[in-house]
Amino acid sequence: MRRYHLRFDIWFSLLMAFLAGIGVEWLLERFVIDSAYDSYYAEKVIADGEIGGQAGEDAFRAQSVGDMQNHETFTIVVEGIKYYNEGGAFGGDGYWNIIPLASGERIAAQLNNDAIQHTGESIYQGDSILPLGRLVEEPLDETLAETLQRFDITRTDLYIDMKGEGGPITKQSFEEDATLAAQLIIGAAVFAVVHTLGSKFGIFPAFFRFRKRDEEEE
């Protein structure tokens with residue numbers, strides 16, 4: 001079996017790029033991520049009174065699909081964390097919860113978890129006031145609908161939007177995305193600079209060599 005070995009100049013440049021990536025991660029974690037995430041979070045938070053934002057006292061408390069069809073916006077009050085314990089699944093652009101209504105209906109919904117208000121001393125006590133939402137009378141994705149039917153969903157021809165536009169991702173996801181992007185950019189730049197300097201000073205062979213065409217044609 002044929003074996004391939006990286007040339008010294010390639011693996012040395014890769015090693016420098018790798019070490020630079022570790023340095024970038026260290027710098028981001030200690031001096032950049034916290035302040036960057038705070039700024040990002042402030043821009044992405046959904047305002048109260050908007051779809052996906054916190055529901056105010058004047059928001060209609062829907063108890064059935066019929067209530068939702070008669071109100072442009074509404075909220076739903078559920079016991080404890082039933083909005084989470086009743087089942088759900090990932091699909092499309094995020095996670096889908098099954099919301100139990102007072103009418104006995106069980107409807108799929110996407111939630112902005114940061115806007116859920118808890119009336120008890122903990123999330124397990126009292127009631128949870130879900131974010132301001134709207135009814136979307138469009139069918140769920142077929143695969144998602146089949147998955148949610150395992151949790152006794154009653155309608156798949158509509159769903160509740162309590163997520164709205166935007167909304168912040170978690171700090172962990174933000175940090176992972178920012179670190180990966182920075183490492184790729186810095187790593188590529190360091191690799192190019194190290195190898196270019198090594199080639200310039202004759203330490204490494206050049207990646208490309210161009211042959212001059214003969215001026216005389218036979």
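## A tour of the strands, the core and one long-named patch of H1

Select Ala89 and Trp96: Trp96, in S3, is the bridge partner of Ala89. This is a predicted model, in which local features need pLDDT of at least 70 and side-chain atom pairs count only at pLDDT 80 or more, while totals for chains, interfaces and linings use all residues. Residues are numbered from 1 along each chain as its sequence is written, and side-chain values use heavy atoms, with hydrogens and water left out.

**The first hairpin**

Now show the strands around that pair. S2 and strand S3 (residues 94–100) are antiparallel and share 4 bridges. Two strands count as paired if DSSP finds at least two bridges between them. Helices (H or I, at least four residues) and strands (E, at least two) are DSSP runs, numbered from the N terminus. Next, pick Gly91, which stands opposite Gly94 in S3. The hairpin of S2 and S3 has 2 residues between the strands, and Gly92 takes a positive phi near 65 degrees there.

**Along S3**

Color S3 by burial. Buried means under 20% relative accessible area, exposed over 50%, and partly exposed in between (1.4 Å probe, protein chains only). S3 has 6 of its 7 residues buried, so it is largely enclosed by the rest of the structure. For the whole chain of 218 residues, 34% count as buried.

Move on to S4. It runs antiparallel to S3, and 4 bridges join the two. Select Ile99 and its bridge partner in S4, Ile107. In the hairpin of S3 and S4, 5 residues lie between the strands, and Gly104 in the turn has a positive phi of about 100 degrees.

**The five-stranded sheet**

Zoom out. The open sheet here has 5 strands in the order S2-S3-S4-S8-S7, with mixed pairing. Strand S2 (88–91) and strand S7 (134–136) are at the edges with a single partner strand each, so one side of each has no neighbour in the sheet. On average, neighbouring strands of this sheet are turned by 35 degrees against each other, direction ignored. Axes are lines fitted to C-alpha atoms, for helices over the stretch in contact, and angles run from 0 to 180 degrees between N-to-C directions.

**The core**

Show side chains for Ile76, Ile99, Leu130 and Ile160. Of the 19 residues in the largest nonpolar core, these touch the most other members. A nonpolar core is a set of buried Ala, Val, Leu, Ile, Met, Phe, Trp, Tyr and Cys residues joined through side-chain atoms within 4.5 Å. Helix H2 (65–69), strand S4 (106–111) and strand S8 (159–162) each supply at least two residues of this core. S4 gives the most, with 3 residues.

**The three-stranded sheet**

Next, find an open sheet of 3 strands, ordered S1-S6-S5 and paired antiparallel. Its edge strands, S1 (77–79) and S5 (117–118), each pair on one side only. S5 is joined by 2 bridges to the antiparallel strand S6 (residues 127–129). Select His118; opposite stands Ser128 in S6.

**Helix H1**

Last, go to helix H1 (residues 8–44), where Phe18 is found. Is Phe18 buried or exposed? Phe18 counts as exposed because its relative accessibility is 53%. Add Phe8, Trp11, Leu15, Leu19 and Ile22: with Phe18, they make a nonpolar surface patch of about 590 Å².

Step back for the overview. The chain has 5 helices and 8 strands.

Technical notes. Patch = residues over 30% accessible without salt bridge, like charges linked within 9 Å, V, L, I, M, F, W, Y side chains within 5 Å. Areas by Shrake-Rupley, 256 points an atom, 1.4 Å probe, with all protein chains shown as cover. Salt bridge = Lys/Arg side-chain N within 4 Å of Asp/Glu carboxyl O.
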